[in-house]
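Please open the structure in a viewer and keep the selection tool at hand. The tour below proceeds one selection at a time.

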Amino acid sequence: MNFTKYIVGATSLIKLLISKVVLRRNIEFTLFNEIKAHAKIITNGTGTVKLGKSIHLYQGTQIKSNDGAIILIGQHTSFNNGCMIVSREKIDIGSDCSFGPNVMIYDHDHDYKGKNIKEDKYITNKIVIGSNVWVGAGAMILRGSTIGNNVVVGAGTIVKGDIPDNTLVYQKKELQHILI
């Protein structure tokens with residue numbers, strides 16, 4: 001019998017319970033999520049993270065919901081090593097998605113037009129990622145983006161804008177879309 005699976009499950013549950021009860025973070029989850037060592041879920045103020053069933057967060061992945069922001073992740077979704085998901089407004093990720101290593105998802109940019117860049121002012125716009133989406137290693141998904149269902153985002157691609165359902169998108173010199 002493979003006890004490793006049970007140990008990882010128990011460890012993940014303990015991490016989530018400590019985050020929710022002891023640290024008082026606004027996190028909603030089911031019992032069947034896998035959170036590896038050095039993966040973090042952070043909520044600031046009234047920030048919220050809601051995880052569906054069977055979520056996998058691998059080494060170094062960080063999910064951070066800032067004050068007033070919300071991150072929703074559907075069931076059966078996995079984030080490979082080093083992914084970073086940071087929200088100041090809203091990030092909504094569907095079910096059955098897979099994110100390669102070092103994928104970055106940000107629903108905000110620094111407002112560089114101010115007199116002092118260190119004032120921490122941001123421009124925000126929600127991100128919606130459909131179901132059955134595969135995002136390759138090192139891709140970046142930026143504020144205001146909507147990715148449809150059944151989409152493949154190639155490694156290293158920077159997504160800003162709308163990607164329709166059933167599309168393979170990759171970056172050559174400029175963004176390329178191929179319906180699949």
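The following stops lead from the whole chain to a sheet, a loop, an aromatic pair and a core.

**The whole chain**

Begin with the entire protein chain displayed as a cartoon, bearing in mind that this is a predicted model. The chain contains one helix and 23 strands. Of its 180 residues, 36% are buried. The exposed area of the chain is about 9900 Å², and carbon and sulfur atoms supply 55% of it. Among contacts between residues at least 6 apart in sequence, 14% join residues at least 24 apart.

**The parallel sheet**

Next, select strands 3, 6, 9, 12, 17 and 20. These six strands form an open sheet, in the order 3-6-9-12-17-20, with parallel pairing. Which strands lie at the edges of this sheet? They are strand 3 and strand 20 (158-159), each of which pairs on one side only.

Start at the edge formed by strand 3 and colour Lys40, which is found in this strand (residues 40-43). Lys40 is partly exposed, with a relative accessible area of 45%. Beyond its neighbours within four places in sequence, Lys40 is in contact with Thr61, Gln62 and Ile63. A distance may also be displayed here: the C-alpha atoms of Lys40 and Met84 are separated by 9.7 Å, while the two residues are 44 apart along the chain.

Move across to strand 6, which runs parallel to strand 3 and is joined to it by four bridges. One pairing to highlight is Thr43, whose bridge partner in strand 6 is Ser65. Ser65 also looks the other way, since its bridge partner in strand 9 is Ser87. Strand 6 and strand 9 (residues 84-87) pair in the parallel sense over four bridges.

Before leaving strand 6, show its side chains. In a regular strand the side chains alternate between the two faces of the sheet. Which residues of strand 6 belong to the covered face, and which to the uncovered one? Ile63 and Ser65 make up the covered face, whereas Gln62 and Lys64 make up the uncovered face.

Continue to strand 12 (residues 104-106), which pairs with strand 9 in the parallel sense over three bridges. Here Met84 has Met104 as its bridge partner in strand 12.

**The loop after strand 6**

Now select Asn66, placed in the loop between strand 6 (62-65) and strand 7 (70-73). Is Asn66 buried or exposed? Asn66 is buried, with a relative accessible area of 8%, a value that falls under the 20% limit for buried residues. Apart from neighbours within four places in sequence, Asn66 is in contact with Asn44, Gly47, Val86, Ser87 and Arg88.

Arg88, one of those contacts, is the next residue to display, together with Tyr122. The charged end of Arg88 sits over the ring of Tyr122, 3.7 Å from the ring centre.

**The aromatic pair**

Then turn to the aromatic side chains. How many aromatic pairs does a search of the whole structure find? The search finds one. Select Phe79 and Phe99 to see this pair, which is stacked, with 4.6 Å from centre to centre and 10° between the planes. Phe79 lies in strand 8 (residues 78-79) and Phe99 in strand 11 (residues 98-99), so the pair ties together parts that are 20 residues apart in sequence. Phe79 is buried, with a relative accessible area of 0%. Phe99 is buried too, at 1%.

**The nonpolar core**

Keep Phe99 selected and add Ile93, Ile105, Ile129 and Ile147. These five residues have the most contacts inside the largest nonpolar core, which has 32 residues. Strand 4 (48-51), strand 7, strand 10 (90-93) and strand 15 (127-129) each supply at least two residues of this core. In soluble globular proteins, nonpolar side chains tend to be buried together.

Finish by centring the view on Ile129. Not counting residues up to four places away in sequence, Ile129 touches Asp92, Ile93, Gly94, Phe99, Ile105, Ile141 and Ile147.

How values were computed
Residues numbered from 1 in each chain as written. Predicted model: local features only at pLDDT ≥ 70, side-chain atom pairs only at ≥ 80, totals over all residues. Heavy atoms only, no water. Buried < 20%, exposed > 50% of the residue type's maximum accessible area, 1.4 Å probe, protein only. Contact = heavy atoms within 4.5 Å. Areas by Shrake-Rupley, 256 points an atom, 1.4 Å probe, with all protein chains shown as cover. Phe/Tyr/Trp six-rings, centres within 6.5 Å; stacked < 30°, edge-to-face > 60°. Lys NZ or Arg CZ within 6 Å of the ring centre and 35° of its normal. Core = buried A, V, L, I, M, F, W, Y, C linked by side-chain atoms within 4.5 Å. Pairing = 2+ DSSP bridges.
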